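User: I'd like to go through this model one piece at a time, starting with side-chain exposure and charge pairs. Could you show me the chain before we begin?

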Amino acid sequence: EARAALLQSLPQVAQLPEELWEADETEVTLAPEFNMFEGVHDDMGLYDLMRQREDSEEPGLRRFSDKVLFKTRLMSESIPVPHIYYMSNDSPDVLPVLQNLSLQSFVAKPTHLAATSFVYVIKDGTNLVNGQKTSLEEVAAGLRESWQDRHVDDWATESTPPGVIIEELVEPPSRGGQPGSTPDELKCQTFFGKLLFCEWTFVQNMTSGEEGSKHFEGAHGQGDRAQPSLGHKACGIPNFASKGY
C-alpha cells in the first residue's frame, strides 16, 4: 500500500506535441563510443546488445561513467548542474570539507560507483536514502570505504578511477505525506538525438546488506558481469519507485 501511495505521487503522463514525432532530416553523428556496429547481427536480442555495450572498452565511455569528468564537461558547456561544493579524484578524506561547509543539507557520494552505494542524501542530519540519522563522521567514513570499492557491471564503470563529490541537495517533493525520500530523477533514453523513453524515479528505500549481496550472487557464473561489491554489502541496493513514459 505504501509503495502504491508513493507511485501515485509521481507525475502522470503528459501528451506530447505531435511535431516532436515528425520526421527530422537533420544529420546526426554517432559518437564513436556508442558505435556498436561491429559484432551486431540479426540473431541478437536485447540482452545480447546490453552485454555488448557492457563489454565495450571504448575509452570515451568514461566521459559518462566518471562523474568528475561528466560534471566538469557539463559545467564547461554552461549546462546547469546542482552547485558543487567539492569534487576530487585525489583523496576520499572529506570530513574537513564537510565541517567547514556547515551545511544542513547536501549530497555526498562516490563518483565511480552505481546502485546507490555509499550515497548520502543528507537533510537535517538524516540520510534520505535509508531514513537513518547520519553524522558527518559517518558520511566521511563511508566515502573513505567507497574508495576501495569497484562496481562490477560494465567495463566503463569498472575502470573508472575512484572519486568523491559533495553537491547541493535538490529538495525532493513531499510525496503526498509519505516519509522523505531521494529527489526525483529522470532517466532519458535517446535514439540518434530523439527522446524515445523516459523513466521518472526515486529511491524509496534500501534493502539490507545481506539482500543486496545475495541479489548478485551467482550472476557472474551465469554469464552476467555483475558481482557482489563492498557497497552492496554495506548499503544494500535500492528499491525504486518509478514510472515510464
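User: What is the relative accessibility of Asp55?

Analyst: Happy to help: this is a predicted model, in which local features need pLDDT of at least 70 and side-chain atom pairs count only at pLDDT 80 or more, while totals for chains, interfaces and linings use all residues. Residues are numbered from 1 along each chain as its sequence is written, and side-chain values use heavy atoms, leaving out hydrogens and water. Buried means under 20% relative accessible area, exposed means over 50%, and partly exposed lies in between (1.4 Å probe, protein chains only). Asp55 counts as partly exposed because its relative accessibility is 31%.

User: Which residue forms a salt bridge with Asp55?

Analyst: A salt bridge here is a side-chain nitrogen of Lys or Arg within 4 Å of a carboxyl oxygen of Asp or Glu. The partner lies in helix α2 with Asp55, 4 residues apart, about one turn of the helix; helices (H or I, at least four residues) and strands (E, at least two) are DSSP runs numbered from the N terminus. At 29% relative accessibility, the partner also counts as partly exposed. With the closest N and O atoms 3.0 Å apart, it is Arg51.

User: How many salt bridges does the structure hold?

Analyst: Side chains of opposite charge can pair when their charged atoms come close. The pair of Arg51 and Asp55 is one of these bridges. In this structure, the number of salt bridges is 5.

User: How far apart are the closest N and O atoms of Arg63 and Glu33?

Analyst: This salt bridge links distant parts of the chain, with Arg63 in helix α3 and Glu33 in the loop between α1 (2–8) and α2 (46–55), 30 residues apart. Arg63 is partly exposed at a relative accessible area of 33%, whereas Glu33 is buried at 9%. Their closest N and O atoms are separated by 2.6 Å.

User: Which residues do salt bridges with shared partners join into one network?

Analyst: Start with Glu167 and Lys109, which form a salt bridge with closest N and O atoms 3.6 Å apart. Glu167 lies in strand β6 and Lys109 in strand β2, so the pair ties together parts that are 58 residues apart in sequence. Both Glu167 and Lys109 are buried. Through shared partners, the network joins Lys71, Lys109 and Glu167.

User: Which element supplies the largest share of the largest nonpolar core?

Analyst: A nonpolar core is a set of buried Ala, Val, Leu, Ile, Met, Phe, Trp, Tyr and Cys residues joined through side-chain atoms within 4.5 Å. The largest has 15 residues, and those with the most contacts inside it include Val94, Phe106, Tyr120 and Val139. At least two residues each come from α5 (95–101), β2, β3, α6 (136–146) and β6 (164–167). The largest share, 3 residues, is supplied by α6.

User: How many residues are in the other core, apart from that one?

Analyst: In soluble globular proteins, nonpolar side chains tend to be buried together. The other core lies apart from the largest one and has Val119, Val121, Val203 and Met206 among its members. Its residue count is 8.

User: Where is Thr116 placed, and is it buried or exposed?

Analyst: Thr116 is in the loop between β2 (105–110) and β3 (120–123). Contact means heavy atoms within 4.5 Å, and, not counting residues up to four places away in sequence, Thr116 touches Val129, Val203, Met206, Cys235, Pro238 and Phe240. With a relative accessible area of 16%, Thr116 is buried.

User: What is the area of the nonpolar surface patch that includes Phe64?

Analyst: Patches are made of residues with over 30% relative accessible area and no salt bridge, joining like charges within 9 Å and nonpolar side chains (Val, Leu, Ile, Met, Phe, Trp, Tyr) within 5 Å. Phe64 is in helix α3 (residues 62–65) and is partly exposed, at 34%. Val28, Leu30, Phe34, Phe191, Phe192, Leu196 and Phe197 make the patch together with Phe64. Accessible areas come from the Shrake-Rupley method with a 1.4 Å probe, counting only the protein chains shown as cover for residues, and the patch area is about 770 Å².

User: What value is phi of Ser78 near?

Analyst: Most residues other than glycine have a negative phi, and most peptide bonds are trans. Ser78 is in the loop between α4 (67–76) and β1 (84–88), where it is exposed with a relative accessible area of 66%. Its phi is positive, near 60 degrees.
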